[in-house]
Amino acid sequence: MKEQEVCCKDIFYFEAANHNVRVKIGQEIFACRENISKLAGVLEEYGFYPVHRGYLVNLDHIKLVGSKEIILDNGDKLPVSRRRYSDLKIRHIQWRFENANE
């Protein structure tokens, strides 16, 4: 498998799938052998948030936060867990405010 460098801002989300993680970049999906909770710990400072047990989303790409799902700026819809909804709203607003000039 060929390794490729990717900028965090280009990643829309990570999705747990069996023992792999799918990475959505643009219109493409790549697979990597990694644990999604490890990724969450490493990528939190880069604006990634675990919206659901199996999803880690780039806060830069969230267009709309709903109580059951989010809509990304590419049109993808992902589930939001009930227990993370309130914190997600706050974290998304904070992230947008902190990174408004980028």
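Which two strands form a hairpin with three residues between them? In this model, which is a predicted one, the answer is β6 and β7, with three residues sitting between the two strands. I would like to begin with that hairpin and then work outwards to the rest of the chain.

Strand β6 covers residues 62–65, and three bridges join it to β7, the two strands running antiparallel. If you would like to find individual pairs in the structure above, start with Leu64, whose bridge partner in β7 is Ile71, and then look at Val65, whose partner in β7 is Ile70. The hairpin belongs to an open sheet of three strands, in the order β6-β7-β8, with antiparallel pairing. The edges of this sheet are β6 and β8, each of which pairs on one side only, and the twist from one strand to the next averages 25°. There is also a helix to notice here, since α2, made of residues 85–98, lies across β6 and β7 and runs at about 145° to β6.

Let me turn to the other sheet. This one is open as well and has five strands, arranged in the order β3-β2-β1-β5-β4 with antiparallel pairing. The strands at its edges are β3, residues 28–32, and β4, residues 48–52, and each has a single partner strand, so one side of each is left without a neighbour in the sheet. Neighbouring strands in this sheet are turned against each other by 25° on average, if direction is ignored. At the β4 edge, three bridges join β4 to β5, which spans residues 55–58, and the two run antiparallel. A pair to look for there is His52, which stands opposite Tyr55 in β5.

Now that the strands are in place, we can ask about the charged side chains. How many salt bridges does the count come to? It comes to three, and I will take them one at a time.

In one of them, the side chains of Asp60 and Lys9 meet, with 3.2 Å from N to O. This pair links distant parts of the chain, because Asp60 is in the loop between β5 and β6 while Lys9 is in the segment before β1, and they are 51 residues apart. Asp60 is buried, with a relative accessible area of 19%, which falls under the 20% cut-off for that word. Lys9, on the other hand, is partly exposed, at 41%.

Another salt bridge joins the side chains of Glu15 and Arg22, and here the N to O value is 3.9 Å. Glu15 counts as buried, with a relative accessible area of 18%, whereas Arg22 is partly exposed, at 39%.

The remaining salt bridge is between Lys24 and Asp76, whose closest N and O atoms are 3.1 Å apart. Again the pair links distant parts of the chain, with Lys24 in strand β2, residues 20–25, and Asp76 in the loop between β7 and β8, 52 residues apart. Is each of these residues buried or exposed? Lys24 counts as buried, at 9% relative accessibility, and Asp76 is buried too, at 19%.

It is worth staying with Asp76 for a moment. The loop that holds Asp76 comes between β7, residues 69–72, and β8, residues 77–79. The side chain of Asp76 also makes a polar contact with the side chain of Lys24, at 3.1 Å. If we leave aside residues up to four places away in sequence, Asp76 touches Tyr13, Lys24, Ile70 and Ile71. You may recognise Ile70 and Ile71 from the hairpin, where they are the bridge partners of Val65 and Leu64.

My last topic is the cysteines. How many disulfides does the structure hold? The number is zero, and we can see why by looking at two of the residues. The sulfur of Cys7 has its closest cysteine sulfur in Cys8, but the two are 6.3 Å apart, which is too far for a bond, because a disulfide requires the sulfur atoms to be within 2.5 Å. For Cys32 the closest cysteine sulfur is likewise in Cys8, this time 12 Å away, so that pair is also too far apart for a bond. As for their surroundings, Cys7 is partly exposed, with a relative accessible area of 45%, and Cys32 counts as partly exposed as well, at 26%.

Conventions: Residues are numbered from 1 along each chain as its sequence is written. This is a predicted model: local features need pLDDT of at least 70, side-chain atom pairs count only at pLDDT 80 or more; totals for chains, interfaces and linings use all residues. Side-chain values use heavy atoms; hydrogens and water are left out. Helices (H or I, at least four residues) and strands (E, at least two) are DSSP runs, numbered from the N terminus. Buried means under 20% relative accessible area, exposed over 50%, partly exposed in between (1.4 Å probe, protein chains only). A polar contact is a pair of N or O atoms within 3.5 Å; within protein, one must be able to donate a hydrogen and the other to accept it, and residues adjacent in sequence count only if both atoms are side-chain atoms. Contact means heavy atoms within 4.5 Å. Two strands pair if DSSP finds at least two bridges between them. Axes are lines fitted to C-alpha atoms, for helices over the stretch in contact, and angles run from 0 to 180 degrees between N-to-C directions. A salt bridge is a side-chain nitrogen of Lys or Arg within 4 Å of a carboxyl oxygen of Asp or Glu.
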